[in-house]
Amino acid sequence: MPVEPLFRLQDLSVAFDGVTVVDRLSLEVRRGETLALVGESGSGKSVSALGAMDLLPANAAVSGGRWLEDTSLDHLSARAWRALRGGRVGFIFQEPMTSLNPLHTVAKQIGETLRLHQGLSGRAARERTRELLVQVKLPRPDELLDAWPHQLSGGQRQRVMIAMAIANDPVLLIADEPTTALDVTVQRDILNLLDELRGHYGMGMLFITHDLNLVKRHADRVCVLYEGREQETGPVGDVFANPRTAYTRNLINAEPEGQPQPLASQHSLLDAKQLSVAFSRPKRWLFGKQPAPFVAVQPLSLELARGETLGIVGESGSGKTTLAMALLRLTPSQGEIRFDDERLDRLTGNDLRKHRKRFQIVFQDPYGSLSPRLPVSEIISEGLRFHHPELSEQEVLHRVQATLKEVGLPQDCASRYPHEFSGGQRQRIAVARAIILEPELVVLDEPTSALDRSVQKQLVILLRDLQRKRGLSYLFISHDLAVVRAMAHRVLVLKDGEVVEQGECDQVLGAPRHSYTQALVESSGLGMMASA
Amino acid sequence: MSATMTLSPISRRRLAVFRHNRRAWISLWIFLVLFGISLCAELIANDKPLIMRYDGQWYAPLLVDYPETEFGGFLPTGTDYHDPFIIEQLETHGWALWPPIPFSYQTLDMQMRQPSPSPPDSRHWLGTDDQGRDVLARVIYGFRLSVFFALVLTVGSLVLGVVFGGIQGYFGGKTDLIGQRLIEIWSGLPVLFLLIILASLVQPNLWWLLGIMLLFSWLGLVDVVRAEFLRARNLEYVRAAKALGLPSHLIMRRHVLPNAMVATLTFIPFLFTGAITTLTALDFLGFGLPPGSPSLGELVAQGKNNLQAPWLGITAFVSLSVMLSLLVFIGEGLRDAFDPRHIQATNGTATRITPHAS
């Protein structure tokens, strides 16, 4: 294959208001190859792609050389840029939910790029759009032509985005975290589709991601970024086998590892029988028939011993968060919930409120779960002040300091506000808020999924430490099997509100019996690592 | 409210953005100065001397009503300090310190050299209206009354709107459904007709008007607050507070209300201008404050009825438009200051263009 660069960046720097975000990045994408741009959040990978295509806001200063094939992109007019973007360069963004205009049908959105770049309109555009939908393997293309974005699933929307990106036979495709917002099984299909299209059109692809598993499987070469600086570039096999810089080594070894402590007791803490959650659907008409309720969680039973971690695994919409909310009595449910031999489902009002300190929750989003208006000490001490009004101000502060220390945060952070902390630190604050009440059960609702791999690893270690010291029971909800394996004693796999498989963690993840679990394990890359 | 009073970094940044908006900042100061001046209206425009000395004794007519007999008159009623006889008495037996405008809002000037409405001259800086009352004095008192009315109405609407909107939004479901339907019915009542009917039953004074207006003015706020509460009750930190076992009223006050405050505060200037306009309109139509009260609306009506005296209409127009423009500018500044996009722009952009960088 001729090694001629299709797209080249030479010493690209991007600065916002004088703050350098990308520092002298040089890379090249060859025809027909995928170059993965890898880095953790804030490493400048998206900014460099956007900067290369002149898509940054006006306060960004971009310098350095940019070439697409033989053309320099440095002094293009606005008009030339517009012809280039969406024409010879296609884009796919991360959020399939927001990157389509909700007010236009699929045919209209794809047709727009065809009209602008190829002058197609009317029947011709519609015909071509249909071809594209077939190409991106959307089911029922004739129907979907007139579908609105809200009628499509996340994966389908991303396929529409891909159809838009390849509509004008681009030579370069820039995919910015194209699958991050999708479920793992969908993720695999989308990436396979991208690989196929790239081969078919002979495009070069710049694939921006934080997920090394995907890089391993879908990229030819990789460029590692850290804080806006290029760490190393090379063929994927070489970089993974012999990482040259310490940062790359860390990144590759950031896979959560280790095992939970073996169980000491079998004393049951939480026991749910025939628990189900159903949401009623609104009536169509005032006098119409009440439609059947939507069952988010089918009747299921589960048990959790003291000091045990039960992993609840499933994709989005599988009902795992709803199940946790129901167990904590934050969502109405049917069935029996026993907490330490007390019927939790029968408690209401103040009785329930008094019990709440015994079971706590840590949410997924470290940015949303802390009130931005309160300092950290207030956030952490809030529950304590309510449940233990007898404590003096001095004692409360003392407890706050001790808890901060326990979750590995510096003492001086008590008076600071959440926005001053990174995602991982915020998640530690959320953990501190939960454990200061000395609960027996903590529900961890995807606590690691918004974090970078290396931060995930630290958090997993912290959570295991806390479990060992305090004898906590965890209900660990996640879609990330690697993290679940490092945390859970037992695993329960949910699909569409139903338990498809449950059992010991090693058994379920090592030798899955149900086809769904098998698909999950395969697409998560766990199987690959085991065989490697 | 207390959460926004202690200046968190966000509020501090908002204040900075607001101060940066020169038009709003200057408008705020001008408005505060004008309101401050109008609060001392009695010292500026009054038909009594501020302080005086008569026969070696101090008098404060502003505070005490002295009978005319005190100054050599014949009637034991309150003194009319504009009476030529009294003026002469004062000049011969002592001295008097008059306010810059020696007329109150309802003083009828008996010594006019021209038929009322008289054009502006050195005696009446903005002329007199068709009953011979000083226009400038009426504008100062009218401004104060309008702002006071708007202030009370706004605070009342805020309290009612936040309480009802908050309860509906936070609890949602049936509470929300029933509340919304009741509000829809309530807002269907014709306010103007109610006021007209009221005017035929009682002599409407300021408090009657305030009460009736208050019954309806909070409805607009409910939607805003309810929407904010509906959104905020599903925020993760609110759910976290529920999981902590905090009672509803505490969650609402500490976690949800601060979210709604932004939308509410942005709404305030518009409530304020709305209240002023409504009062003016009612006065203009004659269903407002009792006759004789200093009112800008009544001045507008006089301007309309006396087109031969343009100073009436022009004064009413200028004073109303200046007041409302100032308030709108302040409102714009507030809205921009609370606009999260503005805040982010001053914060740094890297987080904005890479949303997934979280």
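Biologist: Which elements of chain A have the lowest and the highest mean pLDDT?

Modeller: This is a predicted model, and pLDDT is the predictor's confidence in each residue, from 0 to 100. Helix 20 (residues 526-531) of chain A has the lowest mean, 48, and strand 17 (residues 441-445) of chain A has the highest, 92. Chain A averages 86, and 96% of its residues score at least 70.

Biologist: What is the pLDDT over residues 528-532 of chain A, and how many contacts does this stretch have beyond near neighbours in sequence?

Modeller: The pLDDT there is below 50, and the stretch has zero such contacts in the model. Where pLDDT is low, the predicted coordinates should not be read in detail.

Biologist: What makes strand 1 and strand 3 of chain B a pair?

Modeller: Pairing requires at least two bridges between two strands. Strand 1 (residues 51-54) and strand 3 of chain B have four bridges, in the antiparallel sense, and therefore they count as paired. One of the bridge partners in strand 3 of chain B is W95(B), which faces R53(B) in the bridge.

Biologist: Why are strand 2 and strand 3 of chain B called edge strands?

Modeller: Strand 2 (57-59) and strand 3 (94-97) of chain B each pair on one side only. The three strands form an open antiparallel sheet in the order 2-1-3.

Biologist: How many residues does each chain bring to the contact between chain A and chain B?

Modeller: Chain A brings 37 residues and chain B brings 25. On the side of chain A, helix 13 supplies the largest share, four residues. The residues of that side divide into 16 nonpolar, 13 polar and eight charged.

Conventions
Residues numbered from 1 in each chain as written. Chains lettered and ligands numbered in written order. Predicted model: local features only at pLDDT ≥ 70, side-chain atom pairs only at ≥ 80, totals over all residues. Contact = placed C-beta atoms within 7 Å. Helix = DSSP H or I, 4+ residues; strand = E, 2+ residues; numbered from the N terminus. Nonpolar A, V, L, I, M, F, W, Y, C, P; charged D, E, K, R; others polar.
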